[in-house]
Amino acid sequence: MKQVLESIENQFEMFQVLDENGEIVNKEHEPDLSDDDLKELMRRMVYTRVLDQRSIALNRQGRLGFYAPTAGQEASQLGSHYALEQEDFLLPAYRDVPQLIWQGLPLYQAFLFSRGHFHGNQFPEDVHGLSPQIIIGAQYTQTAGVALGLKKRGKQSVAVTYTGDGGTSQGDFYEGVNFAGAYNAPAIFFVQNNQFAISVPVEKQTNAKTLAQKAVAAGVEGYQVDGMDVLAVYAVTKKARERAVNGEGPTLIETVTYRYGPHTMAGDDPTRYRSDDLDNEWEKRDPLIRFRKYLEAKNLWSEEDENRVIEEAKEEIKAAIKKADDYPKQKVTDLIDIMHEELPSNLQEQMEEYREKESK
Amino acid sequence: MAQKTMIQAITDAMHHELKSDEDVLIFGEDVGQNGGVFRATEGLQDEFGEERVFDTPLAESGIGGLALGLALQGFRPVPEIQFIGFIYEAMDALNGQIARMRYRSGDSKSAPITVRTPFGGGVHTPELHADSLEGLIAQQPGFRVVVPSTPYDAKGLLISSIRNNDPVFFMEHMKLYRSFRGEVPDEEYTVELDKADVKRDGKDVTLIGYGAMVHTALKAAEELEQENIDAEVIDLRTISPIDTETIIESVKKTNRVVMIQEAQRQAGVAANVISEIQERAILHLEAPILRVTAPDTVYPFSQAEEVWLPNHKDVINKVYEVINF
Ligand SMILES: Cc1ncc(C[n+]2csc(CCOP(=O)(O)OP(=O)(O)O)c2C)c(N)n1
């Protein structure tokens with residue numbers, strides 16, 4: 001009887017390209033990105049950090065609704081997204097609004113989503129995907145379906161989904177990865193391991209040493225990657241995408257990262273379950289700091305560049321909030337209207353009732 | 001007597017039961033150190049330790065199955081489902097397994113489990129958090145469904161639920177958690193399950209509700225009093241089974257009924273309550289029984305929540321309709 005657990009677990013090593021000091025530690029895997037691409041990646045990370053700060057402030061002023069902070073996870077979210085194509089289909093979780101925005105969801109619509117207005121979920125035609133999933137795990141099984149559909153249609157694109165460390169405990173997580181494996185479907189499953197599911201640390205979530213190893217049971221490829229290293233996340237995603245479109249099947253990618261802020265803005269207090277020491281330890285690994293150092297060494301980024309992006313972000317956010325404010329308020333009659341293609345009789349009656357109510 | 005919020009009363013009840021019965025276990029997502037996202041289990045892990053009050057991995061079906069397994073080992077589990085919208089994940093564990101345990105074992109096993117979950121709307125949550133899904137559980141034979149509307153009832157009903165040897169689905173309206181305080185004795189006490197409560201005496205019309213709608217009904221009754229309409233308000237408290245005795249007694253006195261629920265017209269338990277009344281007391285009715293409910297859409301995106309939720313004006317309108325019939 002051979003015991004294999006330890007040997008399997010030990011084979012999952014965290015993949016890194018750029019260390020905390022912005023030094024390349026894995027030359028062989030340094031992605032082949034142009035200077036413009038590198039600058040664009042940095043621009044997106046800086047922009048998204050500003051968007052996070054502004055969103056938190058706007059939420060506190062009562063000008064945004066539901067919001068799950070993203071700071072700390074930029075490399076994980078944007079490095080992965082940068083390796084995708086416009087035709088790919090995104091199935092994000094509630095924290096993954098940035099990926100949708102960089103895929104082309106207008107900012108004001110992201111704000112309307114936050115405010116609980118369904119126009120936020122009416123995507124432009126060239127943005128393929130779903131609005132952020134609230135039910136943890138649901139997106140994983142759907143991803144298997146989208147991926148199988150892409151395969152059946154002979155498309156050269158992939159289905160890409162995100163969950164957190166907590167999400168890996170759901171049955172849907174295993175079902176989704178297993179289905180995609182069984183159909184050899186072009187899917188990429190991300191687990192953004194930010195160490196906590198609300199208050200529950202990942203050690204209490206599972207006895208597994210890594211979350212990437214969960215791929216093994218489904219017989220699919222799995223990687224653990226430094227989620228604070230944008231180049232590593234990009235490189236792994238790029239490879240997973242190539243494998244998927246080449247018919248080599250799905251990949252599970254664990255990005256090891258951290259969320260600096262509270263779980264959401266609805267009353268979570270991280271001091272109840274995390275120490276300042278832990279926060280500080282992770283902030284030293286900050287994805288922006290290390291990538292900035294890397295770019296500065298290449299003379300590709302300066303303080304002026306940084307400030308320009310910050311100002312640009314602030315301006316665009318301001319304009320988008322204004323546009324969201326101006327968007328017509330959502331009414332109950334609008335909700336009735338979107339329930340079915342054709343209104344059934346009970347809703348026809350209720351439509352009349354609420355029209356009258358709303359006209360008062 | 002202490003003035004407490006409903007959430008404090010609920011914590012109190014769990015505290016008593018953890019203390020008085022060492023088989024009581026409390027678990028769920030974030031219920032340990034964090035004290036639950038609404039702080040219902042605040043301080044309980046500190047006092048009773050991780051063996052009795054603990055976090056689970058993030059999986060509602062797992063929580064349901066774990067509860068049933070622990071019950072089979074003689075424990076009295078009190079799992080929390082973090083928000084009502086997540087019961088879909090646990091539906092097989094709840095309706096498929098827990099509710100049927102006594103039956104399928106030929107009465108040789110039982111499932112003394114109390115599943116607690118926040119529900120209801122009006123607090124601007126994202127999708128699938130706020131909802132009134134009580135109908136899904138109330139329609140499952142084998143489950144009792146309990147919905148308190150006051151801090152006093154919450155404590156007494158939760159203690160009764162935990163002590164009951166059959167499964168109870170215990171629903172806590174999110175809007176009532178902290179919106180007001182009420183008298184709650186420090187000592188333990190029980191409130192009888194399966195018994196409705198007359199929250200206001202009246203003779204002209206019976207308003208029946210549960211959860212937050214009891215307060216909507218009471219507010220309507222107060223305004224109606226100005227118009228010399230004397231409304232009786234019944235709080236169902238247990239919505240499966242229905243206490244028809246208390247209801248019929250009231251109907252015989254008032255001869256008019258308005259049934260109020262926050263759930264959509266096609267959901268909840270209103271249709272069942274109305275059916276029970278007409279089967280038992282049709283000759284006592286002076287008017288058809290009318291309903292105040294939410295419309296038959298999916299729970300609204302939060303921006304339209306206020307108009308979507310039934311309010312006391314809707315109740316008053318229906319009262320006039322049954323009075324002027
Ligand atoms: C099915 C389901 N159960 C519970 C929740 C409540 N909830 C929202 S986020 C969360 C923790 C998720 O943690 P993780 O998967 O690690 O992702 P993170 O929020 O850290 O990005 C919980 C329990 C939910 N939204 N859906």
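A:Arg272 and B:Glu42 reach across from one chain to the other and pair up in a salt bridge, with N and O 2.9 Å apart. This is a predicted model, so every value here is computed from predicted coordinates. The count of salt bridges between chain B and chain A is three. Polar contacts add to that picture: twelve residue pairs, both partners at pLDDT 80 or more, turn up across the interface of chain B and chain A. On the chain B side, β14 (290-294) and α11 (305-308) each supply at least two of the residues that touch chain A. Sorted by class, that side of chain B has 15 nonpolar, ten polar and eleven charged residues.

How many residues does each chain bring to the contact? Chain B puts in 36 residues and chain A puts in 39 residues. Together the two chains bury about 3200 Å², and carbon and sulfur atoms give 54% of that area. Within chain B, the residues that lose the most area to chain A are B:Leu58, B:Phe301 and B:Gln303, which together make up 23% of what that side buries.

Now for the salt bridges inside the chains. Over all chains, the structure holds 44 salt bridges. Here are some of them, alongside the pair that spans the chains.

| Pair | N to O distance |
|---|---|
| A:Arg272 and B:Glu42 | 2.9 Å |
| A:Arg308 and A:Asp305 | 2.8 Å |
| B:Arg237 and B:Asp153 | 3.2 Å |
| B:Asp197 and B:Lys199 | 2.7 Å |

A:Arg308 and A:Asp305 both belong to helix α13 (residues 303-326) of chain A, and because they are three residues apart there, about one helical turn separates them. An α-helix has 3.6 residues a turn, so residues three or four places apart point the same way. A:Asp305 counts as buried, at 17% relative accessibility.

The B:Arg237 and B:Asp153 salt bridge has its closest N and O atoms 3.2 Å apart. B:Arg237 sits in the loop between β11 (231-235) and β12 (238-240) of chain B while B:Asp153 is in helix α7 (residues 151-163), so this pair ties together parts that are 84 residues apart in sequence. Are the two partners buried or exposed? B:Arg237 is buried at 9% relative accessibility, and B:Asp153 is buried at 4%.

B:Asp197 and B:Lys199 meet in a salt bridge of their own. B:Asp197 is partly exposed at 24% relative accessibility, and B:Lys199 is partly exposed at 24% too. Through shared partners, salt bridges join B:Asp153, B:Asp197, B:Lys199, B:Asp235 and B:Arg237 into one network.

Back in chain A, the domain assignment gives domain 1 (2-329) and domain 2 (330-360). Their C-alpha centres lie 38 Å apart. Five residues of domain 1 are in contact with five residues of domain 2, and the area buried between the two domains is about 390 Å², with 56% from carbon and sulfur atoms. The side of domain 1 that touches domain 2 has two nonpolar, two polar and one charged residues. There are zero salt bridges between these domains, but two residue pairs are in polar contact, both partners at pLDDT 80 or more.

A few spots in chain A are worth a look. Helix α3 (residues 74-82) has nine of its nine residues buried, so it is largely enclosed by the rest of the structure. Among the buried residues of this helix are A:Glu74, A:Gln77 and A:His81.

A:Val191 lies in strand β4 (residues 187-193) of chain A and is buried, with a relative accessible area of 0%. Beyond residues up to four places away in sequence, A:Val191 touches a list of residues including A:Tyr140, A:Phe173, A:Leu211 and A:Ile253.

A:Asp286 occupies the loop between α11 (276-283) and α12 (287-297) of chain A. What does the side chain of A:Asp286 reach at 2.9 Å? The partner is the backbone nitrogen of A:Leu288. A:Asp286 is buried, at 4% relative accessible area. Leaving aside neighbours within four places in sequence, A:Asp286 is in contact with A:Arg49, A:Met228 and A:Tyr260.

Finally, A:Lys238 is found in helix α10 (residues 230-245) of chain A. A:Lys238 is partly exposed, with a relative accessible area of 34%. The C-alpha atoms of A:Lys238 and A:Arg272 are separated by 38 Å, with their places 34 residues apart along the chain.

Terms used
Residues are numbered from 1 along each chain as its sequence is written. Chains are lettered from A and ligands numbered from 1 in the order in which they are written. This is a predicted model: local features need pLDDT of at least 70, side-chain atom pairs count only at pLDDT 80 or more; totals for chains, interfaces and linings use all residues. Side-chain values use heavy atoms; hydrogens and water are left out. Contact means heavy atoms within 4.5 Å. Buried area is the accessible area (1.4 Å probe) that two parts lose on being put together, summed over both. A salt bridge is a side-chain nitrogen of Lys or Arg within 4 Å of a carboxyl oxygen of Asp or Glu. A polar contact is a pair of N or O atoms within 3.5 Å; within protein, one must be able to donate a hydrogen and the other to accept it, and residues adjacent in sequence count only if both atoms are side-chain atoms. Helices (H or I, at least four residues) and strands (E, at least two) are DSSP runs, numbered from the N terminus. Ala, Val, Leu, Ile, Met, Phe, Trp, Tyr, Cys and Pro count as nonpolar, Asp, Glu, Lys and Arg as charged, and the others, Gly among them, as polar. Buried means under 20% relative accessible area, exposed over 50%, partly exposed in between (1.4 Å probe, protein chains only). Domain bounds come from an automatic or database domain assignment.
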